[in-house]
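Colleague: I am just starting to read protein models, and I would love a close look at one part of this one. Could you pick a spot and walk me through it slowly?

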Amino acid sequence: AGELPPKEKISSYLYVGAFEPTIFDEGEIVSLGSCEIEGLSIYSKNLNDDCSNLSSEAVFSFKDHQNIYRRLKNVKSTVSITGIEGATFRNAPHFIDMLEHNRRDMYYETDAVIEHFFQHPSHAPFLASLMIKRFGISNPSPKYIERVATAYINGNYRGIGGGEYGDLGALIAAVLLDVESRSTTLDSDPSHGSLREPVLKITSLMKSMDVVQTDPIGWTKFIGFNVGQEPYRALSVFSFFSPDYQP
């Protein structure tokens, strides 16, 4: 009972998800509107609920700062460790039936993990930075990365995109049409632009010179020893350089 907090606080406090209200039959749930909280919709399976007194059956529905719809149940599930005062942690959800394992539950669990990564706050700026570097700017400014990430989150860049979170069309448009990408003034800056990896630079040069290799294996070993980049010998999935590397 009492005054409801803003949706940002609800999002940081509640974690248990809920079903879309449209799956219920008519009369099974009651809509309480926004309860005077901007951007919030509340519904409940407890027909006696009202804005001043919400039960654990109440569900908060809203769009978060990433433009993603959230439906959170008005309940918390916490595990306490006996014998250790104050030792508590969230009871994380799982989809695997402990008694009867089946493929359906495996799909649900995998889908939940992928969805979590996709909606993580670091996902948009990380992807924005990588795409900018792949499209020709090795040292993008933080503001450039922010603008591209925002376009990806909002799903729109100057009218390009479908308006939904994770729109790659909006992201690519922001990468290519941003002022930092098209500025002719920055072309005179020696640190602006893209620096090719050594192995790619050498390979391109040899290709342009129509070099014919008589000993391909020996050539790859030569590149590995002298350049430090032997084909197919990268130490991680991010190739020879970490994602945040800047020359």
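Modeller: Happy to; we will look at how two helices pack together, and then turn briefly to a sheet. Please keep in mind that this is a predicted model. In general, two packed helices are described by the angle between their axes and the distance between the axes. Here the pair is helix α7, residues 198-208, and helix α8, residues 216-227. Their axes come within 11 Å and cross at roughly 135°. Angles over 145 degrees would count as roughly antiparallel and 65 to 115 as roughly perpendicular, so α7 is oblique to α8. The crossing of these two helices is right-handed.

Now look at who touches whom. From α7, the contact is made by Pro-198, Val-199, Ile-202, Thr-203 and Met-206, while α8 brings Trp-219, Ile-223 and Val-227. Sorted by class, the contact of α7 with α8 has 7 nonpolar residues, 1 polar residue and no charged ones. Thr-203 is one of the residues on the α7 side, and threonine falls in the polar class.

For a second kind of packing, turn to the open sheet of 4 strands, ordered β1-β2-β3-β4 with antiparallel pairing. β1 (30-33) and β4 (69-73) stand at the edges with a single partner strand each, so one side of each has no neighbour in the sheet. On average, neighbouring strands of this sheet are turned by 25° against each other, direction ignored. At the β1 edge, 3 bridges join β1 to β2, residues 40-44, and the two run antiparallel. To find one such link yourself, start at Gly-33: its bridge partner in β2 is Ile-42.

Notes
Residues numbered from 1 in each chain as written. Predicted model: local features only at pLDDT ≥ 70, side-chain atom pairs only at ≥ 80, totals over all residues. Heavy atoms only, no water. Pairing = 2+ DSSP bridges. Axes fitted to C-alpha atoms, helices over the stretch in contact; angles between N-to-C directions. Parallel < 35°, antiparallel > 145°, perpendicular 65-115°, else oblique. Left-handed = near helix turned anticlockwise from the far one by under 90°. Contact = heavy atoms within 4.5 Å.
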